[in-house]
Amino acid sequence: MNPAHPEGLSGIKRKLRTLLSARRYAHSLSTARLATELAPAVGVGCQRAYLAGLLHDCARDLDHCRMKKLLNRYSGRYLDAGIRAEPKLWHNPVGAYLAFHKFGVKDPGVLRAIARHSIGGPGMHPLDKLIYVADYCEELRTHAAAERVRVLAFKDLDAAVSAVARAKLNYLKRRGLAAHPDSLALAREYGISRLYVNSRF
Ligand SMILES: [Fe+2]
Ligand SMILES: [Fe+2]
């Protein structure tokens, strides 16, 4: 699965378990499972989908100091002022950093899917979409829209991306929080207007 890691997938899981709470680890497994189930229909290899799903939140439970330190080491393209300003978003690029440096993942598509998983953005690749959607609606998610989006994802992944983008913008709007410019660009790409943002999908 991951030749760069001496112990392969079981080594990755063992290491991941030391970084995450039990709940987050279960969410990661569930995201990986759903992404893998959705992958064949959009031409993505199951192993890549599983790996990206498994590691997407690998930085999520790091303490603030460590996260900040690693954020400053990240030199990829998915870090900007909008992400720096919102600590909840830091685990996107830091996750990609850890996947590369700690888990030995060299596949740029897997690293990109991790770096964009909660924000999304314009021009997402199929693997990015899988992780963006699976993270939102995997089976352990208990929010009201999870099951509906999951069913939709098996029929039409782009329709599910659109539903997730809308739901996330609504969430931010209800709380008076600003969306990241990439999330707004994704919404524009999917034709989500301000009117739709106000509606239930
Ligand atoms: Fe996340
Ligand atoms: Fe997640």
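These are my notebook entries on a predicted model of one protein chain.

**Entry 1: the overall fold**

I started with the helices and strands. The chain has 12 helices and zero strands, so read along the sequence its pattern is simply α repeated, α-α-α-α-α-α-α-α-α-α-α-α. Next I looked up how spread out the chain is. Its radius of gyration is 16 Å, close to the 17 Å that the globule rule gives for 201 residues, so the chain is as compact as a globular protein of that length. I also noted the box that the C-alpha atoms fill, which is roughly 50 × 35 × 30 Å along the principal axes.

**Entry 2: inside and contacts**

How many of the 201 residues count as buried? I found 44%. Then I turned to contacts between residues at least 6 apart in sequence, and 61% of these join residues at least 24 apart.

**Entry 3: the largest nonpolar core**

A reminder to myself: in soluble globular proteins, nonpolar side chains tend to be buried together. Here the largest nonpolar core has 60 residues. The members that touch the most other members are A35, A52, L55, A99, L130, V133 and V164. I picked A99 for a closer look. Leaving out residues up to four places away in sequence, A99 touches L55, C58, V105, V110, L111 and I114.

**Entry 4: two helices that cross**

L55 also turned up when I looked at helix α3 (residues 46-55) and helix α7 (residues 108-115). Their axes come within 9 Å and cross at roughly 35°, and the crossing is right-handed. On the α3 side the contact is made by R48, L51, A52 and L55, and on the α7 side by G109, V110, A113 and I114. I sorted these contact residues by type and got six nonpolar, one polar and one charged.

**Entry 5: I12**

I12 sits in helix α1 (residues 8-19). Is I12 buried or exposed? I12 is buried, because 22 other C-beta atoms lie within 10 Å and the cut-off for buried is 20 or more. I then checked I12 against F103, which is 91 residues away along the chain, and their C-alpha atoms are separated by 6.4 Å.

**Entry 6: A165**

My last stop was A165, in helix α10 (residues 157-174). It counts as buried because it has 26 C-beta neighbours inside 10 Å. Beyond its neighbours within four places in sequence, A165 is in contact with G120, S183, L186, A187, Y190 and I192. I also looked up A165 and G123: they are 42 residues apart in sequence, and their C-alpha atoms are 14 Å apart in space.

Methods:
Residues numbered from 1 in each chain as written. Chains lettered and ligands numbered in written order. Predicted model: local features only at pLDDT ≥ 70, side-chain atom pairs only at ≥ 80, totals over all residues. Core = buried A, V, L, I, M, F, W, Y, C linked by C-beta atoms within 7 Å. Buried ≥ 20, exposed ≤ 12 C-beta atoms within 10 Å, placed from the backbone. Contact = placed C-beta atoms within 7 Å. Helix = DSSP H or I, 4+ residues; strand = E, 2+ residues; numbered from the N terminus. Axes fitted to C-alpha atoms, helices over the stretch in contact; angles between N-to-C directions. Left-handed = near helix turned anticlockwise from the far one by under 90°. Nonpolar A, V, L, I, M, F, W, Y, C, P; charged D, E, K, R; others polar. Rg over C-alpha atoms; globule rule 2.2 N^0.38 Å.
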